[in-house]
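Student: Please take a close look at a single part of this model, and then follow its contacts outward into the rest of the chain. I would like one connected account, with the cut-offs behind each term.

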Amino acid sequence: MYLGKVTGQVVSTVRASGVPHTPWLMVELLDGQGNPTGKAHVAADPLGAGEGELVVLVGGSSARHAVVPEAPVDLTIIGIVDCVTSANAEVYSKKR
């Protein structure tokens, strides 16, 4: 699993057969301290995450199984993060 921040939307009205019309978002992956890694990816978004939100993502076969119907995707958002703590310190809180 990965932690990422939604940075934008990807719109594609024409897709290969078998790819559902689940929304796609641009997500920048974060390191263990919550800092951007500089790596942006496109993720399927079955949950409705918004720009600026932190999300939990899965890749590989888990990403494919996380969307219904199963689809040829490499990264899927499976959770919208409310709070992240590390070593007894709050790294992120949605309340801010």
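Tutor: Alanine 16 is found in the loop between S1 and S2, where helices (H or I, at least four residues) and strands (E, at least two) are DSSP runs, numbered from the N terminus. This is a predicted model, in which local features need pLDDT of at least 70 and side-chain atom pairs count only at pLDDT 80 or more, whereas totals for chains, interfaces and linings use all residues. Residues are numbered from 1 along each chain as its sequence is written, and side-chain values use heavy atoms, with hydrogens and water left out.

The loop is a good part to look at closely. With a relative accessible area of 53%, alanine 16 counts as exposed, because exposed means over 50%, buried under 20% and partly exposed in between, with a 1.4 Å probe and protein chains only. Its C-alpha atom is separated by 9.6 Å from that of proline 72, although the two residues are 56 apart along the chain.

Threonine 22 lies in the loop between strand S1 (2–10) and S2, but this residue is buried, with a relative accessible area of 12%. Neighbours within four places in sequence set aside, threonine 22 is in contact with Arg15, Ala44, Asp45 and Pro46, contact meaning heavy atoms within 4.5 Å. One of these partners, arginine 15, has its charged end over the ring of tryptophan 24, 3.9 Å from the ring centre; a charge sits over a ring if NZ of Lys or CZ of Arg is within 6 Å of the ring centre and within 35 degrees of the ring normal.

Another partner of threonine 22 leads into a second loop. Aspartate 45 is found in the loop between strand S3 (36–44) and S4, and it is buried, with a relative accessible area of 3%. Not counting residues up to four places away in sequence, aspartate 45 touches Thr22, Pro23, Leu25 and Ile77. The C-alpha atoms of aspartate 45 and serine 12 are separated by 13 Å, and these residues are 33 apart along the chain.

From aspartate 45 the contacts continue to isoleucine 77, which, leaving out residues up to four places away in sequence, touches Leu25, Val27, Ala43, Ala44, Asp45, Pro46, Leu47, Ala49, Val55, Val56 and Leu57. Isoleucine 77 belongs to the largest nonpolar core, 10 residues in all, whose other members are Val6, Leu25, Val27, Leu29, Ala43, Ala49, Val55, Leu57 and Leu75. Such a core is a set of buried Ala, Val, Leu, Ile, Met, Phe, Trp, Tyr and Cys residues joined through side-chain atoms within 4.5 Å. Strand S2 (24–30), strand S4 (54–59) and strand S5 (75–80) each supply at least two residues of this core, and its largest share, three residues, comes from S2. Apart from it lies another core, of eight residues, among them Val19, Trp24, Val67 and Val73. In soluble globular proteins, nonpolar side chains tend to be buried together.

Two leucines show how strands S1 and S4 approach one another. Leucine 3 lies in strand S1 and is partly exposed, at 21% relative accessible area, while leucine 54 lies in strand S4 and counts as buried, at 8%. They are 51 residues apart in sequence and 7.1 Å apart in space, C-alpha to C-alpha. Beyond four places in sequence, leucine 3 is in contact with Glu28, Leu29, Leu30, Leu54, Val55, Leu57, Val81 and Val84, and the contacts of leucine 54 on that basis include Gly79, Ile80 and Tyr92.

As for the whole chain, it has one helix and seven strands, which run β-β-β-β-α-β-β-β from the N terminus on. Of its 96 residues, 34% count as buried, and among contacts between residues at least 6 apart in sequence, 45% join residues at least 24 apart. The C-alpha trace spans about 45 × 25 × 25 Å along its principal axes.
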